[in-house]
Amino acid sequence: MVSKLSITLFAIVALTTIAHAQDKSSDVIARGEYLARAGDCTACHTAPEGRLFAGGRPMPTPFGTLYTSNITPDPDTGIGKWSADDFYKTMHSGRFPDGGLIYPAMPFASYTKVTRADSDAIYAYLRSIQPVNQKNKPHELRFPYDNRQLILGWRTLFFTEGEFKPDPKKSAEWNRGAYLVEGLGHCGMCHSPINALGGTSQSEAFKGGLIPMQNWYAPSLTSNREAGLGDWSIKDITDLLQTGVSMRGVVYGPMAEVVHNSLQYLNDEDTRAMAVYLKSIAEPSPPPPASSTLPTSESSLLISLGKTVYDKHCASCHGTQGEGKPPHWPPLANNQSIEMQSAVNPIRMVLNGGYPPGTKGNPMPYGMPPFAGLLSDNEIAAVVSYIRTAWGNRGTPVSAREANELRSAPLN
Amino acid sequence: MFARTIALAIAIANLAAFDGAAAQTANQPPDTMAARVEACTPCHGNKGEGTSDVYFPRLAGKPAGYLYNQLLAFRSGRRKYPPMNYLLEFLPDPYLQAMAEYFANEHPPLPQPAPSEVRKDVLAQGEQLASSGDANRNIPACVSCHGPGLTGMQPGIPGLLGLRAAYISAQLGAWRYGTRTAKSPDCMQLVAGHLTEADVTAVAAWLATRPAPANPAPVPKGTYALPFGCGSQPN
C-alpha cells in the first residue's frame, strides 16, 4: 500500500517535472518564433509558394543572383546537424560552422548584435518547425564576385563583430529599441547608403540610400527632411510600424514587406521601444535641399500643368490642399517622403500605385491607383513636381526623363 | 463582482472607442469596398466593366471563386503580370476574398461587341472550335466547360463574354507558353497546348463577337458535368 502510494506520488512528481520542462521549452520556442519575426527571417528564407524557411528565394544583387538557404531542421539539406553554438557563431560572426564565409546579403553585420540567449531561442524555434528536404540552389554570381575570399575584404571594411552594448546613460526602453533596430530588425541594411562595394560604413548608418536592384529609396532615419521621426509623435510612429498606416504617412514598397512579415507581430512594448529609439536618432538641423536641375521658366510651366493633373486625378482623395484623409488616404502636404531630395518614391507611387500591407491593425487597406497607363512622362513629372512644391512643401521639381526612367523599375 | 466590474470597464472602453471613431468618420474615406478597390479601377473600370485598353479584362459578374483564384495566383507570382503581382503582394486572404466578391456582385451591362477585323472563314473556324471542339486533336469545345451560354459556372469557371479578342488571345498564349498556370490538373494549359496560333486567333475573334445573353450570370455549380478534371473547379 505504502509502496503503491509512493510509486503513484513519484509518477505524479515525474510527470509534473516533464510537463514543467515542456512548458519551459515551449516558452523558449514561442520566444524564438517572436524573435524570428523581429528578424524578418521569413522574408528571405521562404520562397513564394515555398515551404516555410526552406529557402530557394532568388535575391538579385548588383553582383549576380543569390539563392537563400534552407534553415529548416532537415539534417541533409537544412541546418538539422547544427548545434546551438554553430547557430550562434553563424549569426554572430557571419561564418558557416565549417568556417566558410557568408555573403553579406545575410545581415550578419546586424545580427552580430543579437544576444546569445536570443540566438538560442531562435535556434530552438527553428529546430521545432517542419524539416524540409530541399537542396540549396547554387548562387549565380559573376566573376570576380563568385570568389568568396573577396568577402574577407568586405568584412575588413564594413563588419564589426560584437553583441549589442547597452548605453548606461539611456533608458532601458531606449536600449531595447536600439537593440531591435540595430540588431534583429537590421533596418540599416536598407536605410543606409550602399557604396559601390555593397557596404555601409558606420558613420553613414541610417542616413538613407537607394536600395540596389529594387529602385526604391530607403529614406534617412536620421534626417527630419526624410524619414527622420524627430517631429513625429510616438503614437504615429508605432501606428506606422504596427499597422502600416499613420496620421503622417503610409508604408509602401519594400517597407510594406517589412511591416507585413515582421513589424506587425511585435508587441506594444517593443514597438514603442523602437519608436523611442528612432525618434531619438533624428538629427535636429536639416541640410538645405539640393537645387533643381530644371530652369525656372520650365519648372513653373511644369508645375502649372501639375496642378491641372492633380485637381483631376488626385484631389478627390488627397484633398485640394494635400491634406488627405489620414490615416488611409495619406496627406501630401508636409509629408517628408514627398519632399525629400530623392524623388524616386513619389514618382514610383504615381506610376505604380500600391497597397499598404494588410495587417492585424488594418486588415483591409485602401490602395493608390497606378497611373502609368493614364499619364504621360510629362504629366507624371508635372504632378510630382506640383506636390513636391505646393502647400509649403520644400521639394524640387523633377523632369520627364526621371519619370520615364522609373517606368522600367522592377515591380517585384 | 470582479467579473462585472471588468465587463463594465470593457463596455465603457468600447463606448469611448466608438465615440472616437464616430468623430473621425467625417474626415475618413467611405468605409466601403468600392473605395478600397479604387486602385483596380484605372485598368478594370469603376465597376469592373473594363476600360478602353483591350488587354485589361472585365471583372464584373465573373464567379467569385474564379476571381479569388486569380488574386491568389497574382499574389504568389504563379500568374505573372508585375503590376498585379506588386499590388497584391501583402494583402491577406480574407481581403482578397472580399475583393473577389465585390467584383462578382457588380453587374454593369456587357458592352456591345465590336465588329471583328478578321475574315469570315476565320470567324467560322472560331465558332466551330468554340461550339464543337475538334475531337481528332483532343480539343474540347469552349462551351463544354464555360457553358452553353459562355457565362461560366460557379464557383471557378469564368464567363468568356465581354472580353476583347486581344485579351483572350494573350491569355491563351500565356497558357500555351506556361506563363499562366493554375491548380493541377491545369485543364486550360492542357487545352491550350493543343491549339495552334491560327486556332487561338480564330477562337478569340469569334468569342469577342458574341452578344450579351438575356441572363449573363454564371450558372450554379453542378449544372452540367465537365468533360475532364479541373483543379480550379473541384467536384
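Which residues touch the most other members of the largest nonpolar core? They are Tyr310(A), Ile347(A), Tyr355(A), Ile380(A) and Met99(B), out of 60 residues in that core. A nonpolar core here is a set of buried Ala, Val, Leu, Ile, Met, Phe, Trp, Tyr and Cys residues joined through side-chain atoms within 4.5 Å. Buried means under 20% relative accessible area and exposed means over 50%, with partly exposed in between (1.4 Å probe, protein chains only).

Before going further, note that this is a predicted model, in which local features need pLDDT of at least 70 and side-chain atom pairs count only at pLDDT 80 or more, while totals for chains, interfaces and linings use all residues. Residues are numbered from 1 along each chain as its sequence is written, chains are lettered from A and ligands numbered from 1 in the order in which they are written, and side-chain values use heavy atoms, with hydrogens and water left out.

Back to the core. Elements of both chains each supply at least two of its residues, among them helix H12 (296-313) and helix H16 (377-389) of chain A and helix H6 (93-104) of chain B. Helices (H or I, at least four residues) and strands (E, at least two) are DSSP runs, numbered from the N terminus. The largest share, eight residues, comes from H6(B). A second, separate core of 46 residues includes Ala38(A), Leu126(A), Val259(A) and Ala275(A).

Take a closer look at Tyr310(A). Leaving aside neighbours within four places in sequence, Tyr310(A) is in contact (heavy atoms within 4.5 Å) with ten residues' worth of company you can trace on screen, including His318(A), Leu332(A), Tyr386(A) and Trp391(A).Now for the place where the two chains meet. The contact takes 33 residues from chain A and 27 residues from chain B. About 2,500 Å² is buried between them, and carbon and sulfur atoms give 62% of that area. Buried area is the accessible area (1.4 Å probe) that two parts lose on being put together, summed over both. On the chain B side, Arg36(B), Tyr86(B) and Phe90(B) supply 30% of the area that chain B buries against chain A, more than any other three residues.

The rule finds one salt bridge across this interface. A salt bridge is a side-chain nitrogen of Lys or Arg within 4 Å of a carboxyl oxygen of Asp or Glu. The side chains of Glu49(A) and Arg78(B) meet in a salt bridge at 3.5 Å, N to O. The rule also finds nine residue pairs in polar contact across the interface, both residues at pLDDT 80 or more. A polar contact is a pair of N or O atoms within 3.5 Å; within protein, one must be able to donate a hydrogen and the other to accept it, and residues adjacent in sequence count only if both atoms are side-chain atoms. H5(B) gives the most to the side of chain B that touches chain A, with five residues.

Chain B itself has 11 helices and zero strands, and buried residues make up 44% of its 235 residues. Near its last helix in the numbering, follow the chain to Thr209(B), in the segment after helix H11 (197-208). Thr209(B) is buried, with a relative accessible area of 17%. Its side chain reaches the backbone oxygen of Trp206(B) at 2.5 Å.

Finally, turn to helix H6 (residues 150-158) of chain A, where Ile151(A), Trp154(A), Arg155(A) and Phe158(A) are buried. Seen down the axis of H6(A), these buried residues fall within an arc of 100° (taken from the directions from the helix axis to the C-beta atoms), so they line one face of the helix. The face turned away carries the exposed residues Thr156(A) and Leu157(A).
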